[in-house]
Amino acid sequence: MFVPGLIERKRDGGELTAGEWRDLMIGYHEGQVPDYQMSALLMAAFFRGLSAEETSALLDGMMASGIGLKFGDRSRAVVDKHSTGGVGDKVSLVLAPVVASLSVLVPMMSGRGLGHTGGTLDKLESIPGFRTDLSIDQVQAQLERIGCAMFGQTPEIAPVDRRLYALRDVTATVESIPLIAASIMSKKLAEGLTGLVLDVKQGSGAFITASSLDLARTMMALGEARGCPTVALLTAMDRPLGRACGNALETEEAIMALRGEGPQDLHDVTLALGVEMLLLAGETDRARAAERLEAGIRSGRAAETFQQIIEAQGGDPRCVDDPALLPQAAAVEVYYARAAGTILEVEPRTIGRAVVQMGGGRQRVEDAVDPTVGFVITARPGQTVHTSEPLASIFARDGAGIELGRQALDRAIKIGEGSAAPLPLVAARVSAKGVEKLA
Ligand code: URA
């Protein structure tokens, strides 16, 4: 393989063959292709794009670098959900236990906070003792025992993706639909799924700002072509999801949602994704799927399943009954409306960045995350408010953190005349049958 020739062809707008992509992935994995050549190739791919065949070959090459989960009991549906990432997105913490309580196997492999967005692993680790670094054997054993495991990408799952992603992160080549789609699907398809639901976020708080519809279509096609029925929902991220932003605060809100006491938008998105998961798991009726999910929450079975998961992964399950056991911020302050009028916007990217700056996310890979900091924002776009009405609470380590939070809320919450135009919570459904507008 003559790598400069492959880079040159891609740079000049040509295509690489499936064999060439495979060799590149193997070569990179085995250390024969150095980072500088891979960086150049990624930049060429970023600007020139990849054809559907190339994206597919890239995915196959990435998957071939690792191994996947295998299930002894092939009669059971194995379904996961993946979110492209946003602010206040704690859906996985609610959805995985609810769906697993309905006899579907849910291998919920998740990530850490990236950029301004939070990560499920960081949220789970706010539960005292909770471990997310499970081995593949531990994941498989836990799935067979309680139907769900919540864990991070193991070293065996698509290892080349892990290195490529780190390289893309520092070479400004993340925002490319084929590269993102192959990266996400290389991990998800290694889970041995019989179905996959994608939550593709749209709006300023989304981690990925590339066209949500194109991304959804590309990932869906990759899943379907590999025998994994895949459905994507396009959901709103032009405001935070739910009220809580910040690891422990979001975990507490997810627990409330599991008990049927969470905010309506979180409940609605969870239910919409859960219905798709159950349909992929063999349920034939949409209304019945929704009712089964609601019953799982009402009956307390979903909350019990979350307790089992927490206990199995070393955490303190009592926090489901008593969220006050989660770590608490040292400083708390209520934030009041600066003016009267309509809430025109609660801009999520500003909120997400503030959580990171306050210590709730990483500015460098090695940073420790403070689980206690963040916001609970009750203000919603479209709401009419009067001066000095409470709109949010700021949770911080100290006065400096409170000040950072206050300034962020000043920028993020826009109050004025006129009306807000928030995106529909669930805008469209993308499946092998096409795109269905839902709002
Ligand atoms: N998340 C991933 O796993 N990969 C990407 O490329 C972007 C987001």
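Helix H9 gives the largest share of the shell around the ligand, four residues. That is in a predicted model, so-called local features included only where confidence reaches pLDDT of at least 70. H9 spans 177-188, and helix H8, at 159-170, also supplies at least two residues of that shell.

The residues around the ligand are, in sequence order, Tyr 165, Arg 168, Ile 180, Ser 183, Ile 184, Lys 187 and Phe 207. Sorted by class, four are nonpolar, one is polar and two are charged.

Now the polar contacts. For Arg 168, a side-chain N or O atom sits 2.8 Å from an oxygen atom of the ligand. Lys 187 also faces a ligand oxygen, with a polar side-chain atom at 2.5 Å. With Ser 183 the ligand atom is a nitrogen, and the distance to an N or O atom of the side chain is 2.6 Å. As for cover, the ligand on its own has 240 Å² of accessible area, and the protein covers 90% of it.

Next, the cysteines. How many disulfides does a search of the whole structure find? Zero. Why is Cys 228 without a bond? Its sulfur is 17 Å from the closest cysteine sulfur, that of Cys 148, and this is too far, because a disulfide needs the two sulfur atoms within 2.5 Å. Cys 245 is in no disulfide either, and the nearest cysteine sulfur, in Cys 319, is 20 Å away.

Are these two cysteines, Cys 228 and Cys 245, buried or exposed? Cys 228 counts as buried, at 3% relative accessibility. Cys 245 is buried too, with a relative accessible area of 1%.

Methods:
Residues numbered from 1 in each chain as written. Predicted model: local features only at pLDDT ≥ 70, side-chain atom pairs only at ≥ 80, totals over all residues. Heavy atoms only, no water. Near = heavy atom within 4 Å. Polar contact = N/O pair within 3.5 Å; in protein donor to acceptor, adjacent residues only side chain to side chain. Areas by Shrake-Rupley, 256 points an atom, 1.4 Å probe, with all protein chains shown as cover. Nonpolar A, V, L, I, M, F, W, Y, C, P; charged D, E, K, R; others polar. Buried < 20%, exposed > 50% of the residue type's maximum accessible area, 1.4 Å probe, protein only.
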